[in-house]
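Good morning, and thank you for making time for this short presentation. Please look at the sequence and the structure before I turn to particular residues.

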Amino acid sequence: MKHKIRKIVLDAAQKGFENGVLPSSQIPEMEIEEPRISSHGDFSTNFAMVSAGIQKMPPRKIAQTMVQLIETLGKTSEETASLIEKVEIAGPGFINFFLSKEAWHPVVDRILEQDKKYGASDMGKNEKVQVEFVSANPTGPLHVGHGRGAAVGDSVGNILGFAGFDVQKEYYINDSGRQIRTLGTSVWLRLLQKSGKEIEFPDDCYKGDYIKELACEILEKEGKGFVQGDEKEAIALCAKFAAKKILKGIKEDLSSFGVSFDQWFSEQSLYDSGRVQKAIDDFTSKDLIYKEGGALWFRTKDFGDEKNRVVVRNNGLTTYFASDIAYHMEKYDRGFDKVIDVWGADHHGYIKRIDASVVAQGKKSSQFEVILVQLVNLLRGGKPFQMSTRAGEFVTLKDIVDEVGKDAARFMFLSRSYDSGLDFDLELAKQKNSNNPVYYVQYVHARITGILLKAKQENIIQSIDFNKGKNLNLLTTVEEINLIKILDTFKANVEKSAQTLHPHIIFTYLMTLASAFHGYYNKHKVITENRRQTLARLSLVLGVKKVIRNGLALLGVNAPERM
């Protein structure tokens with residue numbers, strides 16, 4: 001609806017210039033907003049204030065002229081006349097628009113007709129975007145923090161795709177380097193312990209029970225003679241076996257969480273293909289990598305970082321930064337216009353150096369963006385729940401999904417901006433009442449399905465799904481018009497969520513829509529003795545059902561038919 005008001009303002013301004021009542025044809029950047037106070041109308045614009053300097057007129061004088069021009073448009077344009085009930089001036093020159101009830105009815109028709117495409121946008125213009133998220137080291141199971149990152153990254157990808165971007169989701173497998181070697185050593189030492197050898201377990205090794213389980217599996221597979229072999233080869237085998245097994249578990253956990261990736265990209269493949277060395281050679285030839293103290297350093301300070309960063313240590317081993325440089329070069333080589341990385345908040349200090357490597361290869365800083373996801377605090381019944389019971393043990397994503405379900409987990413993870421810490425109450429997420437956000441929203445979808453099924457049983461409608469509204473002119477109550485107004489803003493919320501990369505905007509929208517529906521349903525019967533009114537209200541609630549479904553789908557949450 002907002003775009004229609006904008007068009008009316010632009011048409012009126014053009015008429016004003018043509019008629020000589022506005023001196024300039026120049027149109028400034030103006031805002032069309034929804035006033036917080038309903039008495040100020042449905043929409044308001046600051047056109048008069050931002051035009052004062054251009055038109056060399058006082059804002060209120062411009063506003064008075066614009067109101068007259070809009071009223072004249074209403075006499076010559078049937079669309080404008082049916083859309084606008086009245087226009088008023090407020091304060092220093094705000095122009096407030098009050099829309100007729102009939103103006104809102106086509107929204108319902110659009111929802112029913114567009115169905116699963118309602119709310120979609122072409123804003124992205126098919127720009128190729130990669131979203132890389134989770135990318136946890138295959139050295140242990142995914143924990144609850146990874147779960148929030150997974151929900152955020154997956155939803156950002158869904159929303160961008162719905163907003164017209166060409167999106168690819170990717171998981172970067174850190175299957176090379178020190179942590180994999182440490183994993184192999186950890187399993188090897190546990191294996192030796194299982195074989196009866198007394199060994200003190202180092203603090204810097206992985207201590208979880210899953211390490212002991214992996215050691216037992218290898219011992220059973222390879223036999224007791226395995227511990228007599230070459231230690232270096234044994235550790236390498238342990239590392240390979242453990243990483244493969246853990247990665248399989250990670251894939252299974254993410255699948256159960258409703259997350260799938262278009263690509264799983266191996267860090268080791270960057271070394272095998274020579275891409276890491278090529279990146280180092282390329283930047284060395286440009287004097288962006290230099291040698292000092294036996295190590296190779298990247299001039300990240302020249303690109304805004306606080307200091308230069310080591311790429312190859314003086315012992316000849318590459319740092320993670322080296323493979324990350326090569327990986328991000330490879331991303332752009334694949335043709336991505338923009339790369340979005342989803343990281344844990346503890347990686348904040350890493351942004352500048354990756355950004356430096358992106359700019360150094362000739363890309364714009366705006367083509368690289370990082371989403372930092374803050375920590376999750378687990379609660380049980382409002383009380384803190386210990387996430388780490390003892391060294392090496394923690395609450396896994398699988399634990400959460402098994403206890404509260406995939407839908408509740410995802411919805412709760414997305415209930416606040418990822419910029420803020422999140423309190424996740426396990427007991428709340430299991431409740432079957434309006435205190436539980438996911439239940440509150442899903443119940444709207446299920447309840448409307450029940451209403452539609454009842455209407456079909458009573459032969460009021462032939463099918464519980466239809467693509468054309470019926471008797472929409474009978475939707476006149478305050479609650480009905482308010483519901484339609486909220487439905488109308490779905491696309492704007494999708495676009496805002498895509499622009500800001502904040503999926504919690506969709507969460508908030510769904511909660512607002514659910515609240516409006518519950519308020520409407522508590523006050524008005526949908527199926528009444530008046531058949532024509534019933535058909536109108538069935539059209540409206542079917543529209544609500546479809547938008548709830550579309551919104552939940554963006555967050556990777558199911559829309560159940562019954563609860």
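I begin with one residue, Thr396, which counts as buried because its relative accessibility is 12%; buried means under 20% relative accessible area, exposed means over 50%, and partly exposed lies in between, with a 1.4 Å probe and protein chains only. Thr396 sits in the loop between strand S14 (383–384) and helix H14 (397–404). Helices (H or I, at least four residues) and strands (E, at least two) are DSSP runs, numbered from the N terminus. Leaving out residues up to four places away in sequence, Thr396 touches Pro141, Leu142, His143 and Val144, where contact means heavy atoms within 4.5 Å.

A word on the source is in order. This is a predicted model, in which local features need pLDDT of at least 70 and side-chain atom pairs count only at pLDDT 80 or more, while totals for chains, interfaces and linings use all residues. Residues are numbered from 1 along each chain as its sequence is written, and side-chain values use heavy atoms, with hydrogens and water left out.

Now the overall picture. The protein has 21 helices and 15 strands, and 50% of its 563 residues count as buried. Along the principal axes, its C-alpha atoms fill a box of roughly 95 × 65 × 40 Å. Among contacts with a separation of 6 or more, 72% are between residues 24 or more positions apart.

Let me turn to the strands. S14 belongs to an open sheet of three strands, ordered S14-S13-S15, with mixed pairing. S14 and strand S15 (422–425) stand at the edges with a single partner strand each, so one side of each has no neighbour in the sheet. Two strands pair if DSSP finds at least two bridges between them; S13 and S14 have two bridges and pair in the antiparallel sense. Within that pairing, Arg380 stands opposite Lys383 in S14.

What does the side chain of Arg380 meet in a salt bridge? The partner is Glu427, at 2.9 Å from N to O; a salt bridge is a side-chain nitrogen of Lys or Arg within 4 Å of a carboxyl oxygen of Asp or Glu. Arg380 lies in strand S13 (residues 376–380) and Glu427 in helix H16 (residues 426–430), so the pair ties together parts that are 47 residues apart in sequence. Arg380 is partly exposed at 30% relative accessibility, and Glu427 is partly exposed with a relative accessible area of 30%.

A second strand pairing involves S11 (residues 338–344) and S12, which run parallel and are joined by six bridges. Between S11 and S12 the chain passes through helix H13 (residues 351–360), a right-handed β-α-β crossover; right-handed means that, with the strands pointing away from the viewer, the path from the first strand over the helix to the second runs clockwise. Val342 has Ile371 in S12 as its bridge partner. Strand S12 (residues 368–373) is mostly covered, with five of its six residues buried.

I come next to helix H21 (residues 531–554), where Leu540 is placed. H21 has 24 residues and spans 35 Å from its first C-alpha to its last, close to the 34 Å expected at 1.5 Å a residue, the expected span being 1.5 Å times one less than the number of residues. Because 20 of its 24 residues are buried, H21 is largely enclosed by the rest of the structure. Leu540 is itself buried, at 0% relative accessibility. Apart from neighbours within four places in sequence, Leu540 is in contact with Val108, Leu475, Glu480, Leu483, Ile484, Leu487 and Tyr520. Leu540 and Val107 are 433 residues apart in sequence, yet 9.6 Å apart from C-alpha to C-alpha. After H21 comes Gly556, with a positive phi near 75 degrees.

Finally, the remaining charged pairs. The structure holds 31 salt bridges, and one network of them links Asp115, Asp465, Lys546 and Arg549. Asp282 forms a salt bridge with Lys278, with the closest N and O atoms 3.0 Å apart. Asp282 and Lys278 are four residues apart in helix H11 (residues 275–285), and therefore about one helical turn separates them. Lys86 and Glu88 also meet through their side chains in a salt bridge, at 3.3 Å from N to O. Lys86 is partly exposed at 38% relative accessibility, as is Glu88 at 32%.
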